[in-house]
Amino acid sequence: MGMGSVYFFCFPHGPADRAGYEHEIICLAEGLRLLNIQYSGNIDYWMEGNSPGDFLIRHDPSISYQEADIVVFSSVIYNYESTHLLPQDLFSPNRLYRLVFIDASDDLWTPGFRDEMRSCDMVLKCHYNRKYPLPDNFRPWAFGISSRILDQLAVNPASSTDGISPRKAEILVNYRFVPSLRERAMKEILPLFDDVLKENRTTDSYDPYELSDKDRLYWAQSGRRHYPSYYRRLLDCEACSCFGGNLEKWTTHREGKFWNVVRKVDGKLSLFRDDRVYQFDSWRFWESFAAGTCVFHVNLEKYGCVLPVMPVNMVHYLGFDLEKPMRIVNMIHDDPALLRTIGNAGKSWVFDNYSPKAVAERFLELAASSPI
């Protein structure tokens with residue numbers, strides 16, 4: 001492989017309930033392909049069609065990871081307890097390649113915090129929050145948008161940015177899981193929009209054999225995250241509730257008897273407010289941007305959330321201060337058309353900064369600047 005070559009270690013495809021979905025690697029590989037950057041992998045990964053050779057990432061037995069300029073692996077391998085898929089000398093201090101770990105795991109203390117990851121040139125950290133102590137080799141990263149998602153959202157005229165195509169005065173609220181931030185938003189924020197936006201809580205659960213062959217393939221490979229009807233609803237609704245993650249206070253992880261007392265007093269008197277959120281990223285967040293749907297989330301900057309390129313609150317998305325939600329509520333009550341304006345701006349922003357090509361360009365720039 002020539003200069004700029006990349007080698008991926010991926011988790012092998014399993015059944016739909018054990019898919020090993022490497023979303024961030026898929027987005028990156030699609031971008032590298034557009035940039036004509038050579039890449040290979042330890043396995044054939046991510047079928048794009050029904051022919052035997054239709055894989056995004058191909059395994060070539062004649063190509064060794066040691067020949068690549070950049071080697072990439074992700075937290076999916078750790079989530080599935082499959083580190084045996086990695087070569088024993090992957091972290092060798094004598095390696096000639098840059099080693100990059102993509103950490104998109106849920107929870108607060110994720111595989112990127114493991115001791116061996118300090119040997120990586122970079123840990124690309126999804127859910128990056130500046131209010132937590134983070135290792136020096138962490139860099140903010142994000143789920144982003146893949147071609148599969150973009151293709152689904154390009155089939156409906158409502159995905160245009162002309163501001164003309166009709167949408168329903170609805171906010172999509174169809175979570176599979178309800179962590180603390182979503183629970184709070186559903187109780188305290190979304191009901192404030194009842195006279196402007198109707199909540200659409202439709203969920204998808206049906207026989208996958210009702211899908212087309214290609215959609216069924218994507219459904220299985222993505223771990224049951226591919227539902228064409230869900231994408232159509234995104235294109236039809238004015239807004240989507242993209243709140244996600246868990247809220248915490250600045251006192252939560254302080255150690256010692258003093259802080260134990262502080263937390264007990266706070267539990268009774270509520271002296272402190274939640275000021276940070278971890279595990280805030282989601283596919284829904286990026287799918288909504290790509291659909292031109294107005295994204296509802298917390299104010300990312302206020303709660304410490306960091307992305308490689310930040311959207312601007314009130315311009316590209318609506319980010320709430322949980323203690324003062326009425327500012328945004330009043331804005332939408334006064335001008336419901338603002339939802340479409342922000343949705344269109346968010347769509348342009350995400351295409352410019354998080355399409356596969358933009359993600360790959362950012363990745364290569366970061367890799368080139370990292371020490372080896």
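**The α7–β13 loop, a surface patch and helix α1**

D275 lies in the loop that connects α7 and β13. In this predicted model, the residue has a relative accessible area of 18%, below the 20% limit, and is therefore classed as buried. Its surroundings include both charged and aromatic side chains: leaving aside residues up to four places away in sequence, D275 touches K131, E248, K249, W250, K302 and Y303. With W250 there is also a polar contact, in which the D275 side chain reaches the backbone nitrogen of W250 at 3.3 Å.

L271 belongs to the loop between α7 (257-269) and β13 (276-278) as well. Whereas D275 is buried, L271 is partly exposed, its relative accessible area being 49%. L271 contributes to a nonpolar surface patch together with V261, V265 and L269. The accessible area of these four residues together is about 360 Å².

Helix α1 spans residues 23-34 and comprises 12 residues. The distance from its first C-alpha to its last is 17 Å, close to the 16 Å expected at 1.5 Å a residue. Of the 12 residues of α1, 10 are buried, so the helix is largely enclosed by the rest of the structure. The buried set consists of H23, E24, I25, I26, C27, L28, A29, E30, G31 and L32. After α1 comes N36, which has a positive phi, near 60°.

Conventions
Residues numbered from 1 in each chain as written. Predicted model: local features only at pLDDT ≥ 70, side-chain atom pairs only at ≥ 80, totals over all residues. Heavy atoms only, no water. Helix = DSSP H or I, 4+ residues; strand = E, 2+ residues; numbered from the N terminus. Expected span 1.5 Å × (residues − 1). Buried < 20%, exposed > 50% of the residue type's maximum accessible area, 1.4 Å probe, protein only. Patch = residues over 30% accessible without salt bridge, like charges linked within 9 Å, V, L, I, M, F, W, Y side chains within 5 Å. Areas by Shrake-Rupley, 256 points an atom, 1.4 Å probe, with all protein chains shown as cover. Salt bridge = Lys/Arg side-chain N within 4 Å of Asp/Glu carboxyl O. Polar contact = N/O pair within 3.5 Å; in protein donor to acceptor, adjacent residues only side chain to side chain. Contact = heavy atoms within 4.5 Å.
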